[in-house]
Amino acid sequence: MPVTWHKIASEITEIPFGPTGLVEMEVGGKKVCLARHEQRVYACAVKCPHAGGRMSAGFIDPLGNIVCPLHRYKFSLSRGYNVSGEGFYLKTYPVEHRPEGIFMGLERGGLFSL
Ligand code: FES
């Protein structure tokens with residue numbers, strides 16, 4: 001699937017993360033949840049695939065999984081895999097740290113396109 005890269009920020013410090021390291025932002029016209037863990041940025045869907053919990057209101061556990069605030073299901077920030085084992089999948093987006101800034105990829109022309 002072709003991907004269009006959108007610049008999120010020049011530096012990680014420009015992203016207005018809350019105290020939990022999470023924030024909702026619009027990137028390329030799409031609202032996403034951004035997460036910061038160990039100086040890397042990750043991007044995932046705004047809503048939990050289980051029952052629509054707002055992922056940015058959750059938190060990140062020490063292993064780098066995002067935890068939904070509603071029923072505490074955990075998802076891998078890098079792959080969306082439901083590490084707590086309930087069988088759901090959280091949509092994630094690729095993020096690249098480049099010399100010229102931090103970029104997020106959005107698929108073009110697919111199910112998740114604009
Ligand atoms: S809505 Fe996220 S775990 Fe239930």
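## Overall architecture

Strands, as counted here, are DSSP runs of E of at least two residues, and helices are runs of H or I of at least four, both numbered from the N terminus. On that basis the chain has 10 strands and zero helices. The model is a predicted one. Read along the sequence, the pattern is β-β-β-β-β-β-β-β-β-β. The radius of gyration is 13 Å, close to the 13 Å that the globule rule gives for 114 residues, so the chain is as compact as a globular protein of that length.

Taken along the principal axes, the C-alpha atoms fill a box of roughly 35 × 30 × 20 Å. Buried residues make up 25% of the 114 in the chain. Among contacts with a separation of 6 or more, 43% come from residues 24 or more positions apart.

## The four-stranded sheet

One open sheet has four strands in the order β2-β3-β4-β8, with antiparallel pairing. Its edges are β2 (22-27) and β8 (92-93); each has a single partner strand, so one side of each is left without a neighbour in the sheet.

Within this sheet, five bridges link β3 and β4 in the antiparallel sense. Across this pairing, A35 stands opposite Y42 in β4. The loop between β3 (30-37) and β4 (40-44) contains E38, a residue taken up again under backbone geometry below.

## The three-stranded sheet

A second group of strands involves both ends of the sequence pattern. It is an open sheet of three strands in the order β1-β10-β9, again with antiparallel pairing. Here β1 and β9 stand at the edges, and each has a single partner strand, so one side of each lacks a neighbour in the sheet. From one strand to the next, the twist averages 30°.

Strand β1 (residues 3-9) runs antiparallel to β10 and is joined to it by six bridges. On the other side, β9 (residues 95-98) pairs with β10 in the antiparallel sense over four bridges. A hairpin of two residues connects β9 to β10. I102 of β10 has bridge partners in both pairings: A9 is one, and H97 stands opposite I102 as well. R98 has G101 as its bridge partner in β10.

## Side chains along β10 and the place of L106

The side chains of β10 alternate between two faces. I102, M104 and L106 point to one face and are buried, while G101, F103, G105 and E107 point to the other and are not.

L106, in strand β10, has 22 other C-beta atoms within 10 Å; the cut-off for a buried residue is 20 or more, so L106 counts as buried. Beyond its neighbours within four places in sequence, L106 is in contact with V3, T4, H6, G28, K30 and Y93. I66 is 40 residues from L106 along the chain, and their C-alpha atoms are separated by 20 Å.

## The nonpolar core

The largest nonpolar core has 24 residues, of which A35, A43 and C44 touch the most other members. At least two residues of this core come from each of β3, β4, β6 and β10 (101-107).

What does C44 contact once its neighbours within four places in sequence are left aside? The list is V32, C33, A35, M55, I66, L77, G80, L90, K91, T92 and Y93. A35 thus appears in the contacts of C44, and A35 is also one of the residues that touch the most other core members. Y93 is in contact with C44 and also with L106.

## Backbone geometry in two loops

Two residues that are not glycines have a positive phi. For E38 the angle is about 50°, and for R72 it is about 65°. E38 is in the loop between β3 and β4, whereas R72 lies in the loop between β6 (65-67) and β7 (74-76).

Are these two residues buried or exposed? E38 has 7 C-beta neighbours inside 10 Å and therefore counts as exposed. R72 has 12 such neighbours inside 10 Å and also counts as exposed, because the exposed class takes in residues with 12 or fewer.

Methods. Residues numbered from 1 in each chain as written. Predicted model: local features only at pLDDT ≥ 70, side-chain atom pairs only at ≥ 80, totals over all residues. Pairing = 2+ DSSP bridges. Core = buried A, V, L, I, M, F, W, Y, C linked by C-beta atoms within 7 Å. Contact = placed C-beta atoms within 7 Å. Rg over C-alpha atoms; globule rule 2.2 N^0.38 Å. Axes fitted to C-alpha atoms, helices over the stretch in contact; angles between N-to-C directions.
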